[in-house]
Amino acid sequence: MSNPEVSVIVPVYNVEKYLLRCVDSIRAQTFKNIEILLIDDGSTDNSGAMCDEYAQKDSRIRVIHKINGGLSDARNTGIDAAAGEYLCFIDSDDFIASNMIQVLYELLKKNHADVSVCGICDCYETGEFAQSSHSQEIVCSGIEALRLTLEGEKLPGSVCSKLIHRSLCATHRFVKGKTYEDAFFTPELFIQAKKVAATTQSLYHYWHRAGSITTLPFSPKNMDVIEAYQHTLTQVQKACPQLRDVSMFRLYWAHFVVLDKILVTENYKSLPQYQQVLSFLKKNWLSIVKSPYFQKSRRIAALTLKLNVHLYRKLVLMRNKEIGVHD
């Protein structure tokens, strides 16, 4: 397609089990003026061949085969190759509602926005759960959108739930070699954006599969989430210091995410990251307890952690057992 309005960028790496569902959901969009860029990031299964087969079926599909460089590198390759005025990123193990791009495009155009956002539905083997319980439209500045994203209630942080004017990616790229790529990318995106339009409708379906970064045991790569929100805090202090408190909340949250992973590891006390993360949370426990952004249960957990790490670990293990997470 020579002049697509929207470029849909799909990094592909060893997802033959999920790829058909993902690409079919994009091909079925009610908004037709799209190109679909399948970025085969050095797949070693049948994913690359499946991409080529799809390109034979649909002229809107372009396939780029590249040496494996990770999710961020594949997305950046897609940005460089995109012909559309607007960019949409879809992960290849997820899928989208048939009207997602239509809704995001109309929302963006109607409000003369730079970015539009939709809600997310968390999908498991056992069922689907919308992250927002009611439908709401929000039109605001980019800085306000960043605040809502950091709060984590109305706007999701995932880049995959967004339609983005390509001008915002002229120099802005995903950080290579990091996990939690979106936590590095989204804050700067919103700081650049003049206006953001959003709906809390859950149009993006996020598939939680075994073996993803969020379900694996602790790895030093998990520290990337702390680095990402430390980076966000630095950006906020320069561009919008009024968001410092909510940015600190997200940094505290990142430390809890990492500590909870560490504590389900059998030899957790021997991990060098253990004392680093624990010391930070203990040092800031009073600020955490007083934070209006944390739920009551997390504030109580912070107090428990200050008083008795062993008891806090027992609570983490009990919670993980209830939701079926194992070390």
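Rings of Phe, Tyr and Trp are taken as a pair if their centres lie within 6.5 Å. I begin with this rule, as my first entry concerns rings. I note also that the model is a predicted one.

**Entry: aromatic rings**

I looked up the ring pairs and found that Phe249, Phe256, Tyr293 and Phe294 are joined by them into a cluster. For the protein, I recorded a count of 12 aromatic pairs. I then examined Tyr268 and Tyr274, whose ring centres are 5.2 Å apart and whose planes stand at 80°, so I entered this pair as edge-to-face. The cut-off behind that step is that planes over 60 degrees apart count as edge-to-face. I checked the burial of these two residues as well, and both Tyr268 and Tyr274 are buried.

**Entry: the overall fold**

I asked how many helices and strands the protein has. I found 12 helices and 10 strands. I next compared the radius of gyration with the expectation for a compact globule: for 327 residues that would be near 20 Å, and the protein has 20 Å, which agrees. Along the principal axes, I noted that the C-alpha atoms fill a box of roughly 65 × 45 × 35 Å. I turned to contacts with a separation of 6 or more and found that 79% of them involve residues 24 or more positions apart.

**Entry: surface and charge**

I recorded that 53% of the 327 residues count as buried. The protein exposes about 15,100 Å², and I noted that carbon and sulfur atoms supply 53% of this area. I found 38 positive and 35 negative side chains, with the centres of the two sets 9 Å apart.

**Entry: Gly142**

I located Gly142 in helix 5, which covers residues 142-151. Is Gly142 buried or exposed? I entered Gly142 as buried, because its relative accessible area is 1%. Setting aside residues up to four places away in sequence, I found that Gly142 touches Phe190, Ala193, Lys194, Lys195 and Val196. I also looked up Val115, which is 27 residues from Gly142 along the chain; their C-alpha atoms are separated by 8.5 Å.

**Entry: Ser202**

I located Ser202 in strand 10, which covers residues 195-207. Its relative accessibility is 21%, so I entered Ser202 as partly exposed; the cut-off for buried is under 20%. Beyond its neighbours within four places in sequence, I found Ser202 in contact with Gly119, Ile120, Cys121, Ala130, Gln131 and Ser132. I checked Asp24 too: Asp24 and Ser202 are 178 residues apart along the chain, and their C-alpha atoms are separated by 18 Å.

Conventions:
Residues numbered from 1 in each chain as written. Predicted model: local features only at pLDDT ≥ 70, side-chain atom pairs only at ≥ 80, totals over all residues. Heavy atoms only, no water. Helix = DSSP H or I, 4+ residues; strand = E, 2+ residues; numbered from the N terminus. Rg over C-alpha atoms; globule rule 2.2 N^0.38 Å. Buried < 20%, exposed > 50% of the residue type's maximum accessible area, 1.4 Å probe, protein only. Contact = heavy atoms within 4.5 Å. Areas by Shrake-Rupley, 256 points an atom, 1.4 Å probe, with all protein chains shown as cover. Lys, Arg positive; Asp, Glu negative; His and termini not counted. Charge placed at Lys NZ, Arg CZ, Asp CG, Glu CD. Phe/Tyr/Trp six-rings, centres within 6.5 Å; stacked < 30°, edge-to-face > 60°.
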